[in-house]
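This report describes selected features of one protein chain. The sequence and the model are shown first, and the description follows.

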Amino acid sequence: MQELYSEEFRKKLESLAKERAGEYLSNKPFPHIYFDNFLPLEAAEAALQDFPEPKQLAWSKFDTGKERKLAFDEVERLPRRLREVLYFLNSRPMLQFLEVLTGIQHVIADPYFVGGGLHQIKRGGNLEVHADFNYHTKLKLDRRINLLIYLNKDWKEEYGGHFELWNRDMTAAEQKILPLFNRCAIFSTTSYSYHGHPTPLSCPPDRTRKSMATYYYSNGRPEEEIGDAHSTLFQARPGAVAEKPKHTMKDVVVAVTPPILISALKSLRK
């Protein structure tokens, strides 16, 4: 994967950051941008070829009224070429690129890829509009930037899966980005950077929405952005009907069983 560290790609990143920094900061509803053909083609093709199918990994599964997706953040266990792309996204050239593009200084990568790594959405899956967790509890750092790279060839508009950026009062999605192959979306992360892809995917059953995600941090953040640490903050969209979370048989049994019996069963197991 030497193409990631080539002089040609380094100069491309430098040019993109300098030329598009103003656009990034002025874009609404909050600072963001996307680039097509972001990675060297060889690297993007390799990442897609190595991207595991839903049954090939012990994916973390999310299936609630708010999100239906697969995620995997143990990057060291991934195929070599895919792993190398994700490691590059945490490298010095990328941090320098992000600092110039976003204007955020002293950017720090997350070696743990908490919440990031690989994401995969099956037909019917979705991710409701939300603001991300804002503090890395292990590194004790503030979350500042999200970077997403999509790996979906021949992805049609009717498949959906648009990455939506919503305004602060949650009245409208002011930007919608189709998750096309080798398209990179970057945005500044605050407690009000509401985003997601809330409409369930309508792609063919044999397709999935594939993406890589890396998140970046700093030690502190601007005073106007400071607030209490929080986890994901899901938001209600206008006219959206909240879906009731699914319950497993275990959930039902626990709900109808008297607490004294549950305690007794736990004691027997011990």
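## Burial of an aromatic pair

A residue counts as buried when its relative accessible area is under 20%, as exposed when that area is over 50%, and as partly exposed in between. The model discussed here is predicted. In this model, both Trp-59 and Phe-72 are buried.

## Aromatic contacts

A pair of aromatic rings is described by the distance of the centres and the angle of the planes. The structure contains 13 aromatic pairs. In one of them, the ring centres of Phe-30 and Phe-187 are 5.8 Å apart and the planes stand at 55°, so this pair is classed as tilted. The two residues come from distant parts of the chain, 157 residues apart: Phe-30 belongs to the loop between helix 1 and strand 1, and Phe-187 to strand 11 (residues 184–188). Phe-30 is buried at 8% relative accessibility, and Phe-187 is buried at 0%.

The rings of Trp-59 and Phe-72 form another pair, with centres 6.2 Å apart and planes at 65°; planes over 60 degrees apart count as edge-to-face, so the pair falls in that class. Trp-59 is located in the loop between helix 2 (41–50) and strand 2 (60–63), whereas Phe-72 is part of strand 3 (residues 67–72), so the contact ties together parts of the chain 13 residues apart in sequence. In addition, one aromatic cluster is formed by Tyr-5, Phe-9, Phe-35, Phe-38, Phe-88 and Phe-97.

## Arginine over aromatic rings

Two arginine contacts with ring faces may be considered together. Arg-143 places its charged end over the ring of Phe-133, at 4.3 Å from the ring centre. Arg-168 lies over the face of Tyr-192, and here the distance to the ring centre is 3.6 Å.

## Helix 4 and its packing against helix 1

Helix 4 spans residues 92–102. Its buried residues are Met-94, Leu-95, Phe-97, Leu-98, Glu-99, Leu-101 and Thr-102. Among them, Phe-97 is also a member of the aromatic cluster named above. Gly-103, just after helix 4, takes a positive phi of about 80°.

Two packed helices are described by the angle between their axes and the distance between the axes. For helix 1 and helix 4, the angle is about 30° and the axes are 7 Å apart. Angles under 35 degrees count as roughly parallel, and helix 1 and helix 4 are therefore roughly parallel to each other. The crossing of helix 1 and helix 4 is right-handed.

## Backbone geometry in the loops

Most residues other than glycine have a negative phi, and most peptide bonds are trans. The peptide bond between Lys-28 and Pro-29 is cis, with omega of about 15°. Pro-29 is in the loop that runs between helix 1 (7–26) and strand 1 (32–35).

Which phi does His-106, which is not a glycine, have? Its phi is positive, at about 60°. His-106 is situated in the loop between helix 4 (92–102) and strand 4 (108–109), and it is exposed, with a relative accessible area of 65%. Asp-154, also not a glycine, has a positive phi of about 55°. Asp-154 occurs in the loop between strand 8 (141–150) and strand 9 (163–166). Its relative accessible area is 68%, so Asp-154 is exposed.

## Contacts between separated residues

Pro-29, which follows the cis bond, also takes part in a contact across the sequence. Pro-29 and Glu-174 are 145 residues apart in sequence, yet their C-alpha atoms are 6.2 Å apart in space. Glu-174 is in strand 10 (residues 173–177), and with a relative accessible area of 42% it is partly exposed.

Pro-179 occupies the loop between strand 10 and strand 11. It is buried, at 0% relative accessible area. A distance of 7.7 Å separates the C-alpha atoms of Pro-179 and Arg-209, which are 30 residues apart along the chain.

## Cysteines

A disulfide is a covalent bond between the sulfur atoms of two cysteines. How many disulfides does the structure hold? The count is zero. Cys-184 is buried, with 0% relative accessible area, and Cys-203 is buried at 0% relative accessibility.

Conventions. Residues numbered from 1 in each chain as written. Predicted model: local features only at pLDDT ≥ 70, side-chain atom pairs only at ≥ 80, totals over all residues. Heavy atoms only, no water. Disulfide = S-S within 2.5 Å. Buried < 20%, exposed > 50% of the residue type's maximum accessible area, 1.4 Å probe, protein only. Helix = DSSP H or I, 4+ residues; strand = E, 2+ residues; numbered from the N terminus. Phe/Tyr/Trp six-rings, centres within 6.5 Å; stacked < 30°, edge-to-face > 60°. Lys NZ or Arg CZ within 6 Å of the ring centre and 35° of its normal. Axes fitted to C-alpha atoms, helices over the stretch in contact; angles between N-to-C directions. Parallel < 35°, antiparallel > 145°, perpendicular 65-115°, else oblique. Left-handed = near helix turned anticlockwise from the far one by under 90°.
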